Amino acid sequence: MPIDQRLLVAFTVTTLVAMVTPGPDMLFILGCGMRGGPRAGLLATAGVAMSEAVHVAVAAAGLAALFAAVPVAFTAVRIVGAAYLIYLGVQMILHRKGAVEDVPVGGGGMPGRRAFVSGLLTNLLNPKMVTFTIAFLPQFIDPGLGHVWLQFAILGALLIALEFIVDGSVGVLAGRIGGWLRRRQAARRRIDVATGGVFIGLGVRLAAER
């Protein structure tokens with residue numbers, strides 16, 4: 001094994017504990033599933049997972065040094081990510097009535113492609129996730145074993161697999177519940193307002209973080 005098995009077990013347990021605790025990713029996927037159905041929930045998970053793959057690569061490449069040397073880069077990326085989340089939330093709230101009238105019974109209110117791209121961008125543009133990955137993953141890397149890039153790749157693949165298991169399940173379950181609620185127009189409007197509110201809240205929280 002190119003990675004310490006005890007560190008691998010510790011990484012798996014720690015990551016699972018972190019993932020089952022509701023956070024921005026889970027709330028985002030939950031909202032996508034509720035609004036667009038199980039497929040949207042899964043594709044939102046796929047978008048988040050792809051962004052995490054990028055984060056792992058960035059962690060291995062040491063982009064943290066850039067944020068440390070040029071603090072304005074961190075701030076710029078954080079603000080762009082926050083603005084995008086707020087934009088998504090506002091759009092959902094403003095178009096809640098039209099979405100109910102235009103979407104047929106049983107259809108999804110958030111196209112799968114949009115769910116995927118939104119999941120990718122909102123997580124990709126969150127520098128907190130980059131710095132978290134850079135701070136988290138190296139704790140489970142043993143340079144003495146060599147093949148550091150391979151160790152990062154193994155941990156990254158496990159991270160993505162756990163992402164699909166945990167948050168993907170949340171997205172599918174939310175989608176099934178949301179599908180039942182979408183048959184009731186008043187409930188659908190509440191879903192859109194609630195989901196939009198969650199996205200706006202996440203954006204404000206991201207923008208306010210230091």
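Me: Welcome to this structure! How many helices and how many strands does the protein have?

Reply: This is a predicted model, in which local features need pLDDT of at least 70 and side-chain atom pairs count only at pLDDT 80 or more, while totals for chains, interfaces and linings use all residues. Residues are numbered from 1 along each chain as its sequence is written, and side-chain values use heavy atoms, without hydrogens and water. Helices (H or I, at least four residues) and strands (E, at least two) are DSSP runs, numbered from the N terminus. The pattern along the sequence reads α-α-α-α-α-α-α-α-α-α, and the count is ten helices and zero strands.

Me: Which element has the lowest mean pLDDT?

Reply: pLDDT is the predictor's confidence in each residue, from 0 to 100; the protein averages 76, and 75% of the residues score at least 70. Among the elements, helix 3 (residues 38–61) has the highest mean, 87. At the other end, with a mean of 47, is helix 6 (residues 96–102).

Me: Over which residues does pLDDT stay under 50?

Reply: Where pLDDT is low, the predicted coordinates should not be read in detail. The model does give the stretch in question 14 contacts beyond four places in sequence (a contact is heavy atoms within 4.5 Å). The stretch is residues 98–108.

Me: What percentage of the residues of the protein count as buried?

Reply: Buried means under 20% relative accessible area, exposed over 50%, and partly exposed in between (1.4 Å probe, protein chains only). The protein exposes about 10200 Å², with 70% of it supplied by carbon and sulfur atoms (Shrake-Rupley method, 1.4 Å probe; for residues, only the protein chains shown count as cover). Of the 210 residues, the share that counts as buried is 43%.

Me: Which residues of helix 2 are buried?

Reply: Helix 2 (residues 24–36) reaches 18 Å from its first C-alpha to its last, close to the 18 Å expected at 1.5 Å a residue (1.5 Å times one less than its number of residues). Helix 2 is mostly covered, with ten of its 13 residues buried. Just after this helix, Gly37 takes a positive phi of about 95°. The buried residues are Asp25, Met26, Phe28, Ile29, Gly31, Cys32, Gly33, Met34, Arg35 and Gly36.

Me: Is Asn123 buried or exposed?

Reply: Asn123 sits in helix 7 (residues 112–124), where the buried residues also include Gly112, Ala115 and Leu120. Setting aside residues up to four places away in sequence, Asn123 touches Asp25, Val48, Ser51, Glu52, His55 and Met129. Because its relative accessibility is 3%, Asn123 counts as buried.

Me: Which side chains meet in a salt bridge?

Reply: A salt bridge is a side-chain nitrogen of Lys or Arg within 4 Å of a carboxyl oxygen of Asp or Glu, and a search of the whole structure finds one. One partner is buried, with Asp4 at a relative accessible area of 19%. The other is exposed, with Arg6 at 69%. The pair meets at 3.8 Å, N to O, and consists of Asp4 and Arg6.

Me: Which residues make a nonpolar surface patch of about 260 Å²?

Reply: Patches are made of residues with over 30% relative accessible area and no salt bridge; like charges are joined within 9 Å, nonpolar side chains (Val, Leu, Ile, Met, Phe, Trp, Tyr) within 5 Å. An α-helix has 3.6 residues a turn, so residues three or four places apart point the same way. One patch member, Val9, lies in helix 1 (residues 5–20). The patch is made by Val9, Val13 and Val17.

Me: Which residues does Leu158 touch, not counting those up to four places away in sequence?

Reply: Leu158 is found in helix 9 and counts as partly exposed, at 22% relative accessibility. Its C-alpha lies 9.3 Å from that of Thr15, although 143 residues separate them in sequence. The residues touched by Leu158 are Leu8, Phe11 and Thr12.

Me: How far apart are the C-alpha atoms of Arg190 and Ile93?

Reply: Arg190 belongs to helix 10 (residues 185–208) and is exposed, with a relative accessible area of 59%. Arg190 and Ile93 are 97 residues apart along the chain. Their C-alpha atoms are separated by 9.3 Å.
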